[in-house]
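I opened the notebook to write down what I looked up here, one topic at a time. Come along and check each entry against the coordinates.

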Amino acid sequence: MSSYWTLLKTPGVARLIAAQLTARFPFGMLSLAFLIHIERVYDSYGSAGLVLGAMSIGQAVAGPLTSRLMGRWGMRPVIIATIAICASAIVVMALLILPIWGLMVIGLVAGLTTPPIQPAVRTIYPKIVNSRQLTPLFSLDASAQEIIWVLGPVIATFVAIQISSVAGILLAAAFLVGGGIWFVVLPEVGRVRIPRSRRKLGAVLKRPPVLLSTVVGFMLVAACSAVEAGVVAAFGHGSSDSGWVLGIFAIGSLVGGLALGHAPIGPWALAGRMLIVTIGLSLATLGLSFWWLAATLLLAGIGIAPAFAVLFGIVSASVKFSDTAEAYGWVGTGQLMGAALGSATAGFMIDHNGAGSAILVAAGFAALGTLIPALGRRWHPDLRGRDAGPIPDTAPIQIQVS
């Protein structure tokens, strides 16, 4: 832990992590807040699913686009503009009673203008720490983001039920605006300038490590989404047990990220970390009691944050600095698509075969997420003893000959 304290004492690191977590915190709240709000107003979970689906599609499309725009217009202008539009759309959805198709359109706008905080901060990290600190920093970041998924749903549910569903959504919008402003005024955000990429949109996916990270991230998040659906179905919406079990799942990830943050990243690193997730989820399929799920998901969680840290590290080390934001945007898009497919597949299986089948689906996604990097290990950079920072951009230098 002393090494993490040393890392947090590095100028700019602690405030960057805190600001970006605050700005991203609403996205741990909004799904549940909108689900409760739309069900209360329209008496339909299906309608809520349509609205949230439209928002997710917008976020998936926006990832690489807004990230790339930061290289053209700068981080601050893009983040400020997207915060203003996204927050306005969220407020409108909370305060106005509209037809479901109208909420879907506004939800799509909110998704399309999701501020690219995550790609921005992961583009900044290599510029504020040395190469030896970068991999532990990615691990610390991946661990810290578990706070969003532990506290976000709890706060959203408490406010929506105890005060009002509108208040829950407006609180999320307040976090977005407040955290976003805090993030954009940080000096590190102003100092780092992303060079304009000369490559076509999507060309970065031709880099095998970026494609590998996108696909494995898809599988990992699909597994986590299927677990969430299965746990909620196992204990029912009226029980707090599901919240405790999912909280333990997230704690496992937090512990794993801190414990394995300094582990070397070799060609087998991603497959090895995903194997921990797969073993835990496979054991979870054997029973649905509270203590069995808590124990097995704690084990599975230990591999999650370390796997994300490897994903971020191999992307950083494999692309030019001008392409890092777009690369992280594509990785984020893969994760959003994984969340949608994982939830949808698990929901279908629960309806037909019960809650246990959703855990089985999760184990299947995790197994694929283990097999793919094992087979594609030749595309996995070996970062043992190597700089994990991005490849410097070079350009022709004009020389005047007298």
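**Entry 1: aromatic rings**

I started at Trp-291, which counts as exposed at 66% relative accessibility. A caution for everything that follows: this is a predicted model.

Which ring pairs with Trp-291? I found Phe-290, its neighbour in an edge-to-face pair, with 5.0 Å centre to centre and 90° between the planes. Phe-235 joins Phe-290 and Trp-291 in one aromatic cluster. For the structure as a whole, I noted five aromatic pairs.

Another of the pairs I looked up is Phe-308 with Phe-312. This pair is stacked, at 6.1 Å centre to centre and 15° between the planes. Both residues sit in helix H16, four residues apart, or about one turn of the helix. I also checked their exposure: Phe-308 and Phe-312 are both buried.

**Entry 2: helix H16**

That pair made me look at the helix itself. H16 covers residues 304-316, which is 13 residues. From first C-alpha to last, H16 reaches 19 Å, close to the 18 Å expected at 1.5 Å a residue.

Is H16 buried or exposed along its length? I found 13 of the 13 residues buried, so the helix is largely enclosed by the rest of the structure. The burial of Phe-308 and Phe-312 fits into that picture.

**Entry 3: salt bridges**

Next I turned to charges. Side chains of opposite charge can pair when their charged atoms come close. How many salt bridges does a search of the whole structure find? The search gave me three.

I took Arg-15 with Glu-188 to begin with: their side chains meet in a salt bridge at 2.5 Å, N to O. Arg-15 lies in helix H2 (residues 13-24) and Glu-188 in helix H11 (residues 187-191), so this pair ties together parts that are 173 residues apart in sequence. On exposure, I have Arg-15 as partly exposed, with a relative accessible area of 37%. Glu-188 counts as buried at 2% relative accessibility.

Glu-188 has another partner, Arg-191, with the closest N and O atoms 3.6 Å apart. I was glad to have the cut-off at hand here: a salt bridge needs the nitrogen within 4 Å of the carboxyl oxygen, so the 3.6 Å contact of Arg-191 and Glu-188 counts. Both of these residues lie in helix H11, three residues apart, about one turn of the helix. Arg-191 counts as exposed, at 59% relative accessibility. I drew the contacts together in my notes: Arg-15, Glu-188 and Arg-191 are linked in a network of salt bridges.

Then I looked up Arg-122 and Asp-141, whose side chains meet at 2.4 Å, N to O. This pair links distant parts of the chain, with Arg-122 in helix H7 (residues 117-128) and Asp-141 in helix H8 (residues 131-144), 19 residues apart. Are these partners buried or exposed? Both Arg-122 and Asp-141 are buried.

**Entry 4: cysteines**

A disulfide is a covalent bond between the sulfur atoms of two cysteines. How many disulfides does a search of the whole structure find? I came back with zero. I still looked up the exposure of two cysteines. Cys-86 is buried, with a relative accessible area of 1%. Cys-224 is buried too, with a relative accessible area of 15%. The cut-off for buried is under 20%, so the 15% of Cys-224 qualifies.

**Entry 5: a nonpolar patch on the surface**

From the buried residues I went to the surface. Which residues form a nonpolar patch there? My list reads Ile-57, Val-61, Leu-65, Leu-108, Leu-112 and Leu-201, with about 480 Å² of accessible area together. Two elements give two or more residues to the patch: helix H4 (45-73) and helix H6 (100-112). H4 gives the most, with three residues. I picked out Ile-57, which is found in helix H4. Ile-57 is exposed, with a relative accessible area of 54%.

**Entry 6: a glycine in a loop**

My last stop was Gly-266. Where does Gly-266 sit? I found this glycine in the loop between helix H13 (241-260) and helix H14 (269-284). Gly-266 is buried, with a relative accessible area of 9%. I also took one distance from it: Gly-266 and Val-221 are 45 residues apart in sequence and 22 Å apart in space, C-alpha to C-alpha.

Key
Residues are numbered from 1 along each chain as its sequence is written. This is a predicted model: local features need pLDDT of at least 70, side-chain atom pairs count only at pLDDT 80 or more; totals for chains, interfaces and linings use all residues. Side-chain values use heavy atoms; hydrogens and water are left out. Patches are made of residues with over 30% relative accessible area and no salt bridge: like charges are joined within 9 Å, nonpolar side chains (Val, Leu, Ile, Met, Phe, Trp, Tyr) within 5 Å. Accessible areas come from the Shrake-Rupley method with a 1.4 Å probe; for residues, only the protein chains shown count as cover. Buried means under 20% relative accessible area, exposed over 50%, partly exposed in between (1.4 Å probe, protein chains only). A disulfide is a pair of cysteine sulfur atoms within 2.5 Å. The expected span of a helix is 1.5 Å times one less than its number of residues. Rings of Phe, Tyr and Trp (its six-membered ring) pair if their centres lie within 6.5 Å; planes under 30 degrees apart count as stacked, over 60 as edge-to-face and the rest as tilted.
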